[in-house]
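Here is a friendly walk through one two-chain model, from the contact between the chains to a few details inside one of them. Have the viewer open as you read.

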Amino acid sequence: MAWRKAIALDELKPNGVRSVEIDGKPVALYLLGGEVFATHGICTHALAFLADGFVDGDTIECPLHQGIFDIRSGKALCSPVTKDLETYAVKVADGEVFVDLDEGKKAATEDRAPVGPPREPPASRAVVIVGAGQAASAAIRSMRASGFTGTIDLVGREEHLPYERPPLSKDVLLGKASIESCRRLPEADVVSLDVRMHLGRSVTRIDPAARIALLSDGTALQYDALLLATGGVPRRLSIAGADLPGVHYLRTIEDANSIRRSLEKAKRLVIVGGGFIGLELASAVATLGVATVVLEREGELMARVLPAPLGHTFRSLAERHNVSVLREVEVQDIRLDGQHLVVTTSAGPFAADAVCIGVGLAVETELAAAAGCSVDGGIVVDAEQRTSVAGIWAAGDCALHHSPVRGRSRRLESWHNAELQGAAAGQSIAGVPRSEDIQAPWFWTDQFGLNIQILGVSSPGDKVALTGRDGERGAVYRTIDPETGRLTSVVAFSDPAAIRHARKELEGPGVFDIAKASAAWLTSDGKEENGQVVNEKSVATMTSQYVWPSEGLTRVPDWVYTDDYIYRREVEKIFHGRTWNYVALESEIPDVGDFIRSNVGPTPVVVSRAEDGSINVFENRCAHRAAEFCRELSGNAKEFVCPYHQWSYDLKGNLAGVPFRRGVDGKGGMPRDFKNADHGLRQLKVTTHRGVVFASYCNDMEPLAEYLGPEILREFEATFDGRKPKVLGHYRHSLPGNWKLYHENLKDPYHATLLHTFLVTFGLLVAGNKSSMIADASGRHGVMASAKSDVSKLDNSTKKEMRAYKEGMKLEEPRFMDFINEFDSPWSVTMTTIWPNLIVQREMNTLGVRQIVPTGPNEFIMKWTMFGFEGDDEEMTRHRLRQGNLMGPAGFLGLEDNEAIKFVQDGMLAVPDGEHVVELDPGVIGTADTLISEASIRAMYQHWRSAMEL
Amino acid sequence: MSATDPTYTAEIRQLLLRNAIEQFNCQYAAALDEQRLSDWSEMFTADASYVVLSRENEDRGHPVGLIYCENRGMIRDRAFALEKTAMFAPRYLRHLISNLQLLGEDEDGNIKARANYVVLQVLFDRPDATIHQVGTYHDVFRRSDEGLRLRQRRCVYDNLLVPNALCIPV
């Protein structure tokens, strides 16, 4: 027994957690119901201190990933934690808490029953699924994922393992895809998910009382739960000749293959039915040079599901691709006439080499009805896909949607619905209650090179509002219930971002406002009601393209970071706008004629010191032919001469000489009224403060102090404290990310301990460190600040703070992390972001300014100027250099930030049109009193939007 | 010229030394290419300095280095931190070292040498190897019981820009 004194009892708060260190080991202490408990102080999942976590009853929740442990037993209670915490024996004597690290959990937990929610075994042990399509495979996956361990028997009439059907009318039809690419439950999954297959068989009868399903091969399968995922078969035309060879229906892979074979020779195709299947067929065939006629019974395409203006749009799209669409046509019979087929209709006969019929799906509900399930045009189900008969579930095309759409129960024949319903049924069968389904029905169709997505469910009587050009890429249609004025669905032509936004629009409570949406009503003949054609490039369309998400500042859309137009606007409105841009330290150009190359935004400038001692900033672009004349990074010059035609400029950027200005022999030369004064280099406004040089394209900029505001100025002056900065060198690196992400990185104290485990591992940033995230009143500037604990007692405690939280984790040379307090500031670390292009870094004693040079929306260059002060002795300089190992593109912290920012940009470029979630610390915009906050990022975007007028 | 000729012996010595340094550099490159950073850190003497800095800084007499290690303890810390705590995308690296120049050996046993190096990098989201860094090693070697060890390696790189981040030493 080795009892170690840990803490005074009165330092523990009831239902609280405290961190202590015993023999170098972090220990978390808890006071529950008057009794003290001790566990290891670090989560078994990832490096996080449980003392930063949350005590809830008898459990501790890790702050990092919300893993939960039982405090008394250390038991890991939920994912992601799988390994139990060590627990230690505790005793209390004379008001002191003692812990024995050697006496493990047995002392603490011997007589206690294991804690944790008892898990009821799932009710079902044997499951039979009837129908081997997409809903079935979704159900199987979700059952197994929900922990179901019983048997699964899958009965399917087709000989194939489950596959998805959307490609059948697209790539499969054209021979570009095979069944392998459509599989939803490949062989390997059949094995790993342990599914017994009964392919090529059907269920002939269900005995719901005995819970037995009888198969066509005579097998009787006993079940606890039975899922009907029977789908349906194509509705047949009840006319003569509907089953002739060459007359096709499309539901299975064999159907698709047979259509493909007959199209190989066909020159004329008749499609009966202008629904989605018919139009997709027409679209696929359009690429083959086959003359296609679509015959539709109703007055407009898809008249039973879509408002007429949208039907018109789909029809026009097909017609533009040389598909003949005839409406109000009744098909009377089909007959064989020699080598070809003739379709006789109310509009006359049509000769064809092949006929495809797509007039809807006849759902298979007989089995359900015979088993006693309620059927009403589809199998009636509840939100968990249970039918009216105990032990029987239904999902997919054959089932109704559980919530009526505008008072009417309907089926949704779509990939998405099969997937959702299948998964819900699987969950329910496995005994897991379904989470409330708030997903709007979603559907897509590929037609004539456009990917058309539909979110929500419209009714034929809905009004239609259009943005963009009717029937073209980027067109977005909103259907509105004329009675309530509410949005019912959104149809987007090759515009997935519009669908993403539509999710919120559809959830929104308000009445659709056509003016706000910059849309126009569409009539059933495809005209806009006011007779105007919406110009694609109109301002309305432009701003609707850059619509900020309706949630406000808690979302930042990707286009802010990736869009070229936005970037160009930023250069104009921000870098060349009303801002002070960092360009140099004065000590880089101490003498007359000294210059450096720099940038304002992406624009190259020269910073030079003129004869009168003034600092001048002008564009590095010859006024004559634009040549970037200054090529050296730095130097000393008497004047600047463009090498191309020898135009020369003085140290302030004024044009001094133009060769042959008056021509030669009275010929050529500049016009007589040419004045040098009118052709100088573009000169910028300049200001300096404490040795730091800023420039602006704006002629009436407010003074820098006013621009920064008092909070930011205070931190700026704490670093530039009057001593003369001395340049120690530069880092320059590219960073394949948007420049604003760098600001955000330093307005995001949340990432500091999560990304930079170095800081945590070596105790540099520990809970309890004083810290702050400050924003100025405008929201554009910020200071991330923290103080090492015990700054006053630093000399003695530095080593102690370098605690190794994992065995073997220690630095051989920890002195590079020492902080020598040379500043009049409560903070040991400040990262000051000065809009738009400067970061002032004071990471203990390693000091630097970082200049952002954007080169496009997706990349920027960062130039770091590391400095010390005049008067630093050699050891101090070396200390700064050693500490510099933390920063820069190879720094322990710096390289991680660069990588993380690249990952963010990669994510947006690889999966575009999304948005970022910036919700931490809700309701706050600006300065935050917690590090778990994104309030400063929101403040920055408040400013950005106003500067960008977006 | 015979084997006892002092000039001949000196030349043989030179050749052997040159061979030993080339062998050393191959092992050094292999340790980094295979990202065996603790092996790499043991190729230095206890009092070694290891600095990676830009030619821009070198030319201007600016001391700031991307990596700045004053002794093997700091080199080991670098290796340890990169292996245990640093987050960066996985990558393949290829260090190529050539144009070795022997600059002489002083009476204290410091062998001065120079070599050029190129670091090629492959990231898994981009198809090609890119030139990540190109520069010159300014070296001081010392002999030890285990063979040559670096007393100093000063890596001066020509690139103006570091492409995003230098995650593995050069």
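Please keep in mind that this is a predicted model. A good place to begin is where the chains meet.

In S7(B), Pro163(B) is the bridge partner of Ser734(A). That bridge belongs to a pairing between S7(B) and strand S45 of chain A, residues 725–735, which is parallel and has two bridges. The wider contact takes 36 residues from chain A and 32 residues from chain B. On the side of chain B that touches chain A, the elements giving two or more residues are strand S1 (44–54), helix H3 (55–60), strand S2 (67–69), helix H4 (72–84) and strand S7 (162–163) of chain B. Which of these gives the most? The answer is H4(B), with six residues. By residue type, this side of chain B holds 19 nonpolar, seven polar and six charged residues.

Chain B also turns up beside a helix of chain A. In helix H19 of chain A, residues 874–883, the buried residues are His879(A), Arg880(A), Leu881(A), Arg882(A) and Gln883(A). Their cover includes S45, strand S50 (846–856) and strand S51 (859–869) of chain A, along with S2 of chain B. S45 of chain A thus appears twice in this account: as part of that cover and as the partner of S7(B).

Now for the strands within chain A. One open sheet has five strands in the order S12-S11-S10-S16-S27 (chain A), paired in parallel. Strand S12 (195–199) and strand S27 (392–394) of chain A are at the edges with a single partner strand each, so each has one side without a neighbour in the sheet. From one strand to the next, the twist averages 20°. Inside this order, Val127(A) stands opposite Ala225(A) in S16(A).

Elsewhere in chain A, S23(A) and S24(A) form a hairpin, joined through two residues. Val342(A) has Ala351(A) as its bridge partner in S24(A). The table sets three strand pairings side by side.

| Strand | Partner strand | Direction | Bridges |
|---|---|---|---|
| S10(A), residues 126–130 | S16(A), residues 225–228 | parallel | four bridges |
| S23(A), residues 340–345 | S24(A), residues 348–352 | antiparallel | five bridges |
| S45(A), residues 725–735 | S7(B) | parallel | two bridges |

Helix packing comes next. Helix H2 (residues 134–145) and helix H8 (residues 415–429) of chain A have axes 7 Å apart and pack at an angle of about 40°. How are the two helices placed relative to each other? H2(A) and H8(A) are oblique, and their crossing is right-handed. Among the residues of H2(A) that meet H8(A) are Ala135(A), Ala138(A), Ala139(A) and Ser142(A); the H8(A) side includes Ala418(A), Gly422(A), Ala425(A) and Gly426(A). The residues of this contact are eleven nonpolar, six polar and two charged.

Finally, take a look at Ala291(A), which lies in strand S20 of chain A, residues 291–295. Is Ala291(A) buried or partly exposed? Ala291(A) counts as partly exposed because it has 15 C-beta neighbours inside 10 Å, whereas 20 or more would make a residue buried. Leaving aside residues up to four places away in sequence, Ala291(A) touches Lys267(A) and Arg268(A). Ala291(A) and Val323(A) are 32 residues apart in sequence, while their C-alpha atoms are 7.2 Å apart in space.

How values were computed: Residues numbered from 1 in each chain as written. Chains lettered and ligands numbered in written order. Predicted model: local features only at pLDDT ≥ 70, side-chain atom pairs only at ≥ 80, totals over all residues. Contact = placed C-beta atoms within 7 Å. Nonpolar A, V, L, I, M, F, W, Y, C, P; charged D, E, K, R; others polar. Pairing = 2+ DSSP bridges. Axes fitted to C-alpha atoms, helices over the stretch in contact; angles between N-to-C directions. Parallel < 35°, antiparallel > 145°, perpendicular 65-115°, else oblique. Left-handed = near helix turned anticlockwise from the far one by under 90°. Buried ≥ 20, exposed ≤ 12 C-beta atoms within 10 Å, placed from the backbone.
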